[in-house]
Amino acid sequence: MKPSDEDQLRRTFAVAERAQERGNHPFGAILVGPDGDVLLEAENGYLPDGDMTAHAERLLATAASKAFEPEELAECTVYSSAEPCAMCAGALYWAGIGRVVYGLSENRLKEMTGDHAENPTLDLACRTVFAAGQRKVEVVGPLLENEAAEQHEGVWD
């Protein structure tokens, strides 16, 4: 039986937890094929280089666009522990990924991070970014938002 969106999203929470255990920010993303198999995963890559663009979703989009054809990616879903920011939504769009499911919304993340120097959150819905494009990207979320928010408690103080 194919895993549910909730099951797959919880897998991103585990990836985000692993990122945090390694000293990074608690963000994770996975690429799932149409059959429900996990094809790739990425965690936040801020450290060790301090790369502010090394968001899990952007890293995943880059890896996916190198590993799969656009026709394949159009049938895939990215599950992300938090809503893709404008940069990441753009990367997912350009990679050709057809569906996105996320946990924590950008709006709620911004409330949690405040003006933290390591996460000056853009409160711009990924749906807005995708709507500006020429092809449809299905979006589901926020989903399991309270569970997703728990990973950020105390991180941005």
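The following paragraphs describe the first helix, the sheet, the nonpolar core and several loop residues of a predicted model.

Helix α1 comprises 17 residues, from 5 to 21. The distance from its first C-alpha to its last is 25 Å, close to the 24 Å expected at 1.5 Å a residue. Buried positions in α1 are Q8, L9, T12, F13, V15, A16 and A19. These residues lie on the same side of α1, because the arc they cover around the axis is only 165 degrees. Their packing partners are four strands, β1 (28-32), β2 (38-43), β3 (77-82) and β4 (99-104), together with helix α7 (145-150). Just after α1, G23 adopts a positive phi of about 95 degrees.

The sheet is open and is built from five strands in the order β2-β1-β3-β4-β5, with mixed pairing. Strands β2 and β5 (138-140) occupy the edges; each has a single partner strand, so one side of each lacks a neighbour in the sheet. From one strand to the next, the twist averages 15 degrees. Strands β1 and β3 run antiparallel and are joined by four bridges. L31 has V78 of β3 as its bridge partner. Helix α2 (residues 56-67) packs on the sheet, where it touches β1, β2 and β3. The direction of α2 makes about 140 degrees with that of β2.

In soluble globular proteins, nonpolar side chains tend to be buried together. The largest nonpolar core of the model contains 38 residues. Within this core, the residues that touch the most other members are L31, L73, V78, L92, I97 and F130. At least two core residues are supplied by each of α1, β1, α2, β3, α4 (86-95), β4, α6 (126-131) and α7. The most come from α4, which gives five residues. L31 thus appears both among the residues with the most core contacts and as the bridge partner of V78. With neighbours within four places in sequence left aside, the contacts of L31 are D37, V38, L39, L40, L60, A64, F68, L73, C76, T77, V78 and I97.

Several loop residues were also examined. P26 is located in the loop between α1 and β1. P26 has a relative accessible area of 1% and is therefore buried, the cut-off being under 20%. Not counting residues up to four places away in sequence, P26 touches A16, Q20, S81, Q151, H152, V155 and W156. One of these, A16, is itself among the buried residues of α1. P26 and A56 are 30 residues apart along the chain, and their C-alpha atoms are separated by 9.5 Å.

Most residues other than glycine have a negative phi, and most peptide bonds are trans. The peptide bond from L47 to P48 is cis, with omega near 15 degrees. P48 lies in the loop between β2 and α2. A cis peptide bond also links G141 to P142, with omega near 0 degrees. P142 is placed in the loop between β5 and α7. L144 is likewise found in the loop between β5 and α7. Although L144 is not a glycine, its phi is positive, at about 55 degrees. L144 counts as partly exposed because its relative accessibility is 21%, whereas buried residues fall under 20%.

Note on methods
Residues numbered from 1 in each chain as written. Predicted model: local features only at pLDDT ≥ 70, side-chain atom pairs only at ≥ 80, totals over all residues. Heavy atoms only, no water. Expected span 1.5 Å × (residues − 1). Buried < 20%, exposed > 50% of the residue type's maximum accessible area, 1.4 Å probe, protein only. Arc of directions from axis to C-beta. Contact = heavy atoms within 4.5 Å. Pairing = 2+ DSSP bridges. Axes fitted to C-alpha atoms, helices over the stretch in contact; angles between N-to-C directions. Core = buried A, V, L, I, M, F, W, Y, C linked by side-chain atoms within 4.5 Å.
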